[in-house]
Every structure is written in structure tokens, then in C-alpha cells.
Amino acid sequence: MKIRPFAVEEWMNEYETGAKYNIAETCVNSVSLDELFAITGADRAGLDEFCTRRMTYGHIEGAPAFREGICRLYRTLKPEDVVTTHGAAGANHHVFYSLIEPGDEIISIMPTYQQLYSIPESFRADVRLVHLKPENHYHIDADELRAAVTPRTKMICINNPNNPTGALLTKEELLTIIGIAKEVGAWVMCDEVYRHLTQKDEWCESVADLYDKGISVSSMSKVFSLAGLRLGWIATHDKEVIRACLSHRDYNLVSCGMFDEWAAGIALRDPEKLLARNRAIVRENLAVLDAWVASQPHVSYVRPEAGTTALVYYDLDLPSRAFCEEMYHATGAFVTPGDCFELEYCFRVGYACSVQELKAGLRAVDEYITRKLAEGVPVRG
Ligand SMILES: Cc1ncc(COP(=O)(O)O)c(C=O)c1O
């Protein structure tokens, strides 16, 4: 099976571990198990009890405490509406693997996480792209979506909040998208890995609560700072989807692993505890990023509304890959080039690291811009 190289992941794989200031990371500052116990108030004696358990495959369809915990993140779902997976990466792949056949028509958006168009493309689906635009604050234009959908459309794939732009669709916008999907009986699959990481105190809607053919994908990585667990899920009221996913899952996953699901169950016993920590981080850090964008005359952006990432444009006449590679080697500041999203003269910042690392990283970007201007790199008109 041929598939296009995953540009963001290849970039991260090459440079992440050597970065001095990692402001490319998209997880909210990851926690240790010690921190997980401290933040959730879980009794560490539970770990000793876990150590007495025999390491079997565990619950094949997902540990009950983990699936119940996931349901706390939705308004209408029950544990049987949830399929557990290896991260959201596993969940996205699994949705396409379970539901999409050659020739199926799918709508996806750009920019977004590349899985959402390259995997269905690799399954020989007919993928139509709707482009998000800065003048629309990177929100999906309903007219453009309507124009792309045909009676053959099987699935509309979206990502809310969006990576890389941080755009957050409102409930009304989601309902409009769902209305368009309903007209042709299409699924709405939404990658919601940044859901609940809001800048305002508001409930962040899921397509799974709003539409019986809505499929929500999420994980423990970003919102709960536990990427090391490699756990994610697919959540939907659609029984056909659950059946297809469970059936395909027997072939490629079997179960997710007893320890990981046990620890995730602890994190989701009261999800508000980690969420409160992480919302405080993204709110404090976005204020820092915002002040930096305002202070640096050579950059601009559409301020993110949620999530952990922002797309920052610069006016220097340098391609994004050269800009990011040279900046990395010269200053240690690590961001993701726009060309990973098929965009130019921009880079993605992940602003949910420690505030010290964010500030130091942004200072290094300043230093690099000053250096390039002194070398005579022209500013685009
Ligand atoms: C939008 C989006 N979906 C999925 C993933 C994969 O996340 P996970 O660690 O849960 O596999 C990422 C990771 O960057 C992401 O940004």
C-alpha cells in the first residue's frame, strides 16, 4: 500500500529530540506518573495492587473504567459507544481502515493533520479538499463545503479545534456541517484531540453528541498530557461503525494494554483535574505568544481560539523549510515549517510547553529574524 510521507511526523522525528527550545510540540506539557497521581489525588497503593495482576490481554474491547472515563467527556455516550485504540493516530487510521473503500468520495480540509487526507487517499478514496482561509479565521466556509459535497459523499472529515491553526468551530457551525452531511447521508468524522482545551470557559461540542452519524476521535496525548500511554478512541452512536471498527480491530490491535488503560482510567476518573491544569497552561501561554506576535514586526497570525498550536506568518523572503532548519541549527528554536501543511512563509508553533521554554524559544526566533535581516535577507512586499 503506497502512502505519501507524513510530513509533520518526519520533521518531528528528525529534529525533536535535539531541540534546545521545543516550541513545536503539540501536547500540553506532558506529566509523569508521579504528577498524574498528585494531580488526580489517586491513591498510590493502587499501583501496588495493579502490580499483583497477571499481565493478560486485559479487557479486549477496552477497560471499563477507561471507557466510562471517556464518556465523561461527552454528553450522550455510553461505554458501548466507544472503541479504544492506540492513540488518535491509531483511531484515525482505524476509522478509514474500517469504513472506506476504493472509489469512496470523502471531503477533507486543509490545513490539518495529514492522516485525514493521506490515509483515505492511500485507500484509493476520491478525496476532495476544502481549504481553510485566514480571512475566514480558518473556519470552514459552509458554501465551499456544500459545493464540494455530492450525493456520493460518504464522509466529511474535519478537525476541531484545528491543528495547526487553533480555529474552533462553534456549535452552530458544526450543526451546519452536519446538516450538509445529513442531506447525503454522510458520516461526519471529527478529529477532536484538542477538544476541551479552550481559551474561554465553555463546553466544547463533539460531533458524536450532535449527530447519530458523527464519529469523534480523540486521545490521552494532548488534552491529558499522557502521550506515553499511546491511547486513543473512536466514539459514536452509530452501531454500524462500532461493529465495523471492532471487527477490524481484531485483525490489527486485539487490545490496548492493561497498564495503559489502567493509568488512563485514573486520569479520567475526574477529567476536570487534568483539564483545569492544562487549560491554565494554554491560557497563560497563548497570552505570551500573543504579546510576542504583537511585539515582533516581522510576524503575524490569526489568534488561535483553542488547542495548542498557532500558524505564524513571517515577512522574510525565505522558504519555510530553510527558515526553520537554519533557525534550529543557529539558535536551537524548533518550530514546524509551513510546507508540512503545504503552506509557505509560515511555521506552526506549539505553545503548550512550559512557559519558560516558550519564552526562551520565542526570544530565539527574534534573534534569528534579526540575524537574517542583518545578513540582507529581503522583506516581502
Ligand atoms: C490533529 C491530530 N490528530 C491526531 C494526532 C495523533 O495523536 P496521538 O498521540 O493521540 O496518536 C495528532 C498529533 O499531533 C494531532 O495533532
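In this predicted model, strand β10 (residues 309-314) and strand β13 (residues 346-350) are joined by five bridges and pair in the antiparallel sense. Within this pair, Leu311 has Arg348 of β13 standing opposite. The two strands belong to an open sheet of four strands, which follows the order β9-β10-β13-β12 with antiparallel pairing. At the edges of this sheet stand β9 (299-301) and β12 (336-337); each has a single partner strand, so one side of each lacks a neighbour in the sheet.

The loop between β12 and β13 contains Glu342. The phi of Glu342 is positive, near 60°, although this residue is not a glycine. Is Glu342 buried or exposed? A residue counts as exposed if 12 or fewer other C-beta atoms lie within 10 Å of its own. Glu342 has 12 C-beta neighbours inside 10 Å and therefore counts as exposed.

Val254 is a further residue to look at for its backbone. Its phi is also positive, at about 65°, and Val254 is not a glycine. This residue sits in the loop that runs between α10 (239-252) and α11 (258-267). Because Val254 has 11 C-beta neighbours inside 10 Å, it counts as exposed.

The model also holds an open sheet of seven strands, with mixed pairing and the order β2-β8-β7-β6-β5-β3-β4. Here β2 (82-85) and β4 (126-131) are the edge strands; since each has a single partner strand, one side of each is left without a neighbour in the sheet. From one strand to the next, the twist averages 20°.

At the β2 edge, the partner is strand β8 (residues 232-236), which runs antiparallel to β2 and is joined to it by four bridges. In this pairing Val83 stands opposite Ile234 of β8. Helix α4 (residues 64-71) packs on the sheet and touches both β2 and β8. The direction of α4 makes about 115° with that of β2.

Further along the strand order, helix α8 (residues 171-184) lies across three strands, namely β5 (153-159), β6 (187-191) and β7 (214-219). The angle between α8 and β5 is about 165°.

Two loops that follow strands of this sheet contain cis peptide bonds. Where does Pro111 lie? Pro111 is placed in the loop between β3 (105-110) and α6 (115-122). The bond joining Met110 to Pro111 is cis, with omega about 0°. In the loop between β5 and α8 lies Pro161. Asn160 and Pro161 are likewise joined by a cis peptide bond, and omega there is about -5°.

The last feature to follow is the ligand and its surroundings. How many residues surround the ligand? There are 13, and the closest are Gly87, Ala88, Ala89, Ser219 and Ser221. Which helix gives the most to the shell around the ligand? Helix α5 (residues 87-99) does, with three residues. By residue class, the shell around the ligand divides into seven polar residues, five nonpolar residues and one charged residue.

Key
Residues numbered from 1 in each chain as written. Predicted model: local features only at pLDDT ≥ 70, side-chain atom pairs only at ≥ 80, totals over all residues. Pairing = 2+ DSSP bridges. Axes fitted to C-alpha atoms, helices over the stretch in contact; angles between N-to-C directions. Contact = placed C-beta atoms within 7 Å. Buried ≥ 20, exposed ≤ 12 C-beta atoms within 10 Å, placed from the backbone. Near = placed C-beta within 6 Å. Nonpolar A, V, L, I, M, F, W, Y, C, P; charged D, E, K, R; others polar.
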